[in-house]
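Biologist: I would like a close look at one part of this protein, and then at whatever helps to place it in the rest of the chain. Please go step by step, since I am new to this.

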Amino acid sequence: LAVTNPYILLEQPMKVVGPGTSLGPDGCKTEMKANCANAKLNGQALNAMLVPYGNFRNASLANTGLVLASIDHANFTNANLSKANLSGATGADANLSGSNLSKSIITLGDFPEAKFDGANMQDAVFTSTGAVSASFVGTNFKGANLWAVELAGANLTGATLSGADLSNADLTRAKVSDTQLKAAVLCNTVMPDGRVENPQPS
């Protein structure tokens, strides 16, 4: 799924949820330190949800709208976020290790120092998003669109990049091998050593 103008995703009318909104029968609601582990929230419109430090471990959020959501420091380990839309979301130091983010859309977001270790991001759209010093150890990016993603200082040790599009991405000081990158599309890509791979005229 190519997104030529990611801003379009943030210009559509959308349903939002306010603070304190109940999301289910088990006390799961939008608040700081939300307790939503194992919650079944598939297909819901949770745009602009504020759940810093929340616990969404093993939660099901497939096809969920999370546009402009704030999940800073939240725990989404092993959560199912397949086909979820997290455009414009923030997730500083969030833990999404082992999560299923396949075919998800994350554009214009900011996830500094977040953990995506072992996550499945196959065919995801992860574009124009900040992920400075984030960890993607063993993450599956097969076929993902990583256009203009900010991965400076990120750890991509063991990540699968086969068919991933890293055009205009910034990999300055990132931990990633030449072998991994050979399987990806590189165009105007800032490499770990600072050089630009396949530079294109502006």
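Is Leu-68 buried, exposed or partly exposed, and what is its relative accessible area?

Modeller: The model is predicted. In it, Leu-68 has a relative accessible area of 42%. Buried would require a value under 20% and exposed a value over 50%, so Leu-68 counts as partly exposed. Along the chain, Leu-68 sits in the segment before strand 1, and that strand covers 105–107.

The backbone at Leu-68 deserves a second look. Most residues other than glycine have a negative phi. Leu-68 is not a glycine, yet its phi is positive, near 65 degrees.

The side chain belongs to a group on the surface. Together with Met-14 and Val-16, Leu-68 makes up a nonpolar patch there, and the accessible area of the three together is about 240 Å². A residue needs over 30% relative accessible area to be part of such a patch. Leu-68 meets this with its 42%, and Met-14 meets it with 34%. Met-14 is therefore partly exposed as well. Like Leu-68, Met-14 lies in the segment before strand 1.

A positive phi also turns up at Asn-188, where the angle is near 60 degrees. Asn-188 is placed in the loop that runs from helix 1 (178–182) to strand 3 (189–190). Its relative accessible area is 24%, so Asn-188 is partly exposed.

Thr-189 is part of strand 3. With a relative accessible area of 0%, it is buried. The side chain of Thr-189 comes to 2.8 Å from the backbone oxygen of Leu-166. Leaving aside residues up to four places away in sequence, the contacts of Thr-189 include Leu-166, Ser-167, Asn-168, Ala-169 and Leu-171, and also Arg-195, Val-196 and Glu-197.

Two of those contacts, Arg-195 and Glu-197, lead to the charged side chains. Side chains of opposite charge can pair when their charged atoms come close. The whole structure holds three salt bridges. In one of them Asp-193 pairs with Arg-195, and the closest N and O atoms are 3.1 Å apart. Arg-195 also meets Glu-197 in a salt bridge, at 2.5 Å from N to O. Asp-193, Arg-195 and Glu-197 thus make a network of salt bridges. Accessibility varies within this network: Asp-193 is exposed because its value is 56%, Arg-195 is partly exposed with 40%, and Glu-197 is partly exposed with 22%.

Another salt bridge joins Lys-115 to Asp-93, with 3.3 Å between the closest N and O atoms. This pair links distant parts of the chain, 22 residues apart: Lys-115 is in the loop between strand 1 and strand 2, and Asp-93 is in the segment before strand 1. Lys-115 is partly exposed at 33%, and Asp-93 is partly exposed at 31%.

The aromatic rings come next. A pair of aromatic rings is described by the distance of the centres and the angle of the planes. If ring centres within 6.5 Å count as a pair, the model has six aromatic pairs. One is made by Phe-56 and Phe-76: their centres are 4.7 Å apart and their planes are at 0 degrees, so the two rings are stacked. Phe-56 and Phe-76 both lie in the segment before strand 1, but they link distant parts of the chain, 20 residues apart. Phe-56 is buried, with a relative accessible area of 0%, and Phe-76 is buried with 2%.

Phe-116 and Phe-136 form a stacked pair too, because their planes are at 15 degrees, with centres 4.8 Å apart. Phe-116 is in the loop between strand 1 and strand 2 (125–127), while Phe-136 is in the loop between strand 2 and helix 1, so this pair ties together parts 20 residues apart in sequence. Both of these residues are buried. They also belong to a cluster in which ring pairs link Phe-111, Phe-116, Phe-126, Phe-136 and Phe-141.

To return to your question, Leu-68 is partly exposed, has a positive phi and shares a nonpolar surface patch with Met-14 and Val-16. Phe-56 and Phe-76, from that segment before strand 1, are by contrast buried, at 0% and 2%.

Conventions: Residues numbered from 1 in each chain as written. Predicted model: local features only at pLDDT ≥ 70, side-chain atom pairs only at ≥ 80, totals over all residues. Heavy atoms only, no water. Helix = DSSP H or I, 4+ residues; strand = E, 2+ residues; numbered from the N terminus. Buried < 20%, exposed > 50% of the residue type's maximum accessible area, 1.4 Å probe, protein only. Patch = residues over 30% accessible without salt bridge, like charges linked within 9 Å, V, L, I, M, F, W, Y side chains within 5 Å. Areas by Shrake-Rupley, 256 points an atom, 1.4 Å probe, with all protein chains shown as cover. Salt bridge = Lys/Arg side-chain N within 4 Å of Asp/Glu carboxyl O. Polar contact = N/O pair within 3.5 Å; in protein donor to acceptor, adjacent residues only side chain to side chain. Contact = heavy atoms within 4.5 Å. Phe/Tyr/Trp six-rings, centres within 6.5 Å; stacked < 30°, edge-to-face > 60°.
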